[in-house]
Amino acid sequence: MAALEPALDLRGGGRTRRRRLVNRFAEGVASVAAIGAVAVLAIVVLSVAQRGGGELSWGFLTKDLPLYGQPGGGIGPLIVGSALLVGIATAIALPLGVLTALFLSEFASPRLSSPIQLTLDLMNGLPSIIIGVFVFGLLVYGHTQSGYAAGFALSIVMLPLIARSTQEVLRLVPLAQREGALALGASRWRTVLGIVLPSALGGILTGTVLAVARGAGETAPLLFTTSIYANTFSTDVSHSLPNIPVQIFIWSESADPNDHKRAWAAALVLLLFVLATSLLARAALGRTRKKLGQ
Amino acid sequence: MSSIPATQALGGTRRLRDRLGDRLLFALTLLASLAAIAIMVAIAYKVVRGSKLAFSTFGLSFVTGTTWDATNGVFGAGTLLYGTAVSSLMALLIAGPLAIAIALFLSELAPRWVRGVVGSLVETLAAIPSVVLGLWGILVLGPFAANHFEPWLHRSLGFIPIFSGDPSSSGIFVAGLVLAIMVVPIVASICRELFLAVPRELEEGALALGATRWEMVRGVILFSSRPGIAAALILGLGRALGEAIAVTQVIGSATAIHASLFQPGDTLASRIAAQFQGAGTNLQTSSLFYLAAILLVIGLVTNLAAQVIVRRFEFHRTGGD
């Protein structure tokens, strides 16, 4: 038998090789970009951990702020103040956000819902420094800086996040559940409060936790609303409250290397809180989606 | 015919309560939605009203004026607009291609388990508070750029004005780098969703015709999601334009326009963050409100533009054929 001699050369020639090379190159670029992003995250987290880790101690977490120019001290008042601010913000943004999302997904006609949806999107894209300026003009100018003004400012950051995530979970609740309840004779409000909301509860909570993680790290809305405070513990929300983000900002602008060390340590505390909560919430969110999706 | 008493019974208290409940819940949720709109309107109103004094003093020439002199009471946004535009464009030029490449890696290239891990790590990058990123920018990235990166750029590309001048650890260049880190996760996660939404048949069709993976990406995926990519880039740009805290920490604050990227500058948002609290005169406060008003307009325009593009795109995809 004579060997089969194809007239056409099926192996790739020069052009095919070039196309393959270009393909390889593009794949390489994409992989390097992804590795680069992960590397930047690792570098930022590691340098904060390395520089801030040495300062962390029980005393640092619980003591009063250091007096100006003096060594020692801690960030106890900052942690309490930040918790209070985020608490106030959540107390405002959670009900408003969930009710808005309920209106959009259960009641509104398309003509009513689109301007509200647009407002939420615009609010989400608003530079947060503008929120700071706005709340200063509304609640601080002519009065004093206060915890509730700052909490209100943070709630404007959190509101669109909570509304959006709630909307997404409500969308996942099967239509059949609503129809089933209505067909059994339940009224609209009973259906919403008794059937729809409970099955979306987990998702709403994780969305809120994500919004809290975001709000806890926001500095710009607090800069003009709660930035002049004493160095001791304070729970008086009608006055300025010490808080972590603003203090990191102040320390980072300082020329004193001791202040830089404190800034790193406070940044580590903030970063650990934000990363831990947002990773946990994301994991929980994935589970809720799966559960509701089935 | 006799009437059925049962319906009468049903029509009693329960129906009244249900009707009240329905109305009440509707009213409550409507009120909450209106509150969101009211907040947005109030923000615009307060910011515009605060800038009244500066507007009546300087008029529209405030936008182009390059003087910012607190002692003589002359203010203008020119240098700040320049700093805002340059730092944000630099961020977008670096972050845009990177983010699209990352999104392609996550949607097309990576094995399933890598997708999940790398995808959530990239989103975690967006969770880093800006004040922490700014701290890292001024104490770690800035010195590194000044000692290694900028001298290298200066040596090899120094003939271009933007790379002339002495390297420094704080300036528009470092601000652009920090902003790029903030923009990457935003653009990447939107683009990944876009790429995953491209119909599978189109991709497989291209591959079946003998296209390499890159040719398929270029001809099918990138081509069909162009408007979405544009919207993602605009949203990323909007984020960079409005960032105040991290930029204030690294940009070094300057009152003049420098050609060199290595020199200090200032942006609209960072000037507000740096001076609002300590403004000495009503005119200065009002000028800062004016800056906020400009920033508000820029923010609204970028977001609206992105929305319009997305809506049109979705119309084409769903109603086009």
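Here are a few short exercises on a two-chain model, each with a worked solution.

**Before you start**

This is a predicted model, in which local features need pLDDT of at least 70, side-chain atom pairs count only at pLDDT 80 or more, and totals for chains, interfaces and linings use all residues. Residues are numbered from 1 along each chain as its sequence is written, while chains are lettered from A and ligands numbered from 1 in the order in which they are written.

**Exercise 1.** Find out what scores the predictor gives the complex and what pLDDT chain B averages.

*Solution.* Start with the whole complex: its ipTM is 0.89 and its pTM is 0.89. Next, turn to pLDDT, the predictor's confidence in each residue, from 0 to 100. Chain B averages 86, and 93% of its residues score at least 70.

**Exercise 2.** Work out how many helices and strands chain A has, then do likewise for chain B.

*Solution.* First, the counting rule: helices (H or I, at least four residues) and strands (E, at least two) are DSSP runs, numbered from the N terminus. By that rule chain A has ten helices and zero strands. Walk along its sequence and you read α-α-α-α-α-α-α-α-α-α. Chain B comes to 13 helices and two strands.

Now for how spread out chain B is. Its radius of gyration is 26 Å, well over the 20 Å that the globule rule gives for 321 residues, so chain B is more spread out than a compact globule. (The radius is taken over C-alpha atoms, and the rule is 2.2 Å times the number of residues to the power 0.38.) Chain A has 26 Å, where a compact globule of 294 residues would have a value near 19 Å. As for boxes along the principal axes, the C-alpha atoms of chain A fill roughly 100 × 65 × 35 Å, and the trace of chain B spans about 100 × 65 × 35 Å.

**Exercise 3.** Describe the side of chain A that touches chain B, and say which helix gives it the largest share.

*Solution.* Count contacts first: 69 residues of chain A are in contact with 70 residues of chain B (C-beta atoms, placed from the backbone, lie within 7 Å). Elements giving two or more residues to chain A's side include H1 (14-53), H8 (188-217) and H10 (257-293). The largest share, 19 residues, comes from H1(A). Finally, sort this side by class: 47 nonpolar, 15 polar and seven charged. (Ala, Val, Leu, Ile, Met, Phe, Trp, Tyr, Cys and Pro count as nonpolar, Asp, Glu, Lys and Arg as charged, and the others, Gly among them, as polar.)

**Exercise 4.** Show how H9 of chain A packs against H6 of chain B.

*Solution.* Take the geometry first. H9(A), residues 244-253, and H6(B), residues 130-157, pack at about 15°, with axes 9 Å apart. That makes the pair roughly parallel (angles under 35 degrees count as roughly parallel, over 145 as roughly antiparallel, 65 to 115 as roughly perpendicular and the rest as oblique). Axes are lines fitted to C-alpha atoms, for helices over the stretch in contact, and angles run from 0 to 180 degrees between N-to-C directions.

Then look at who meets whom: Pro245(A), Ile248(A), Phe249(A) and Ser252(A) face a group including Val131(B), Leu135(B) and Ile138(B). By class, this contact has seven nonpolar, two polar and no charged residues.

Notes
Contact = placed C-beta atoms within 7 Å.
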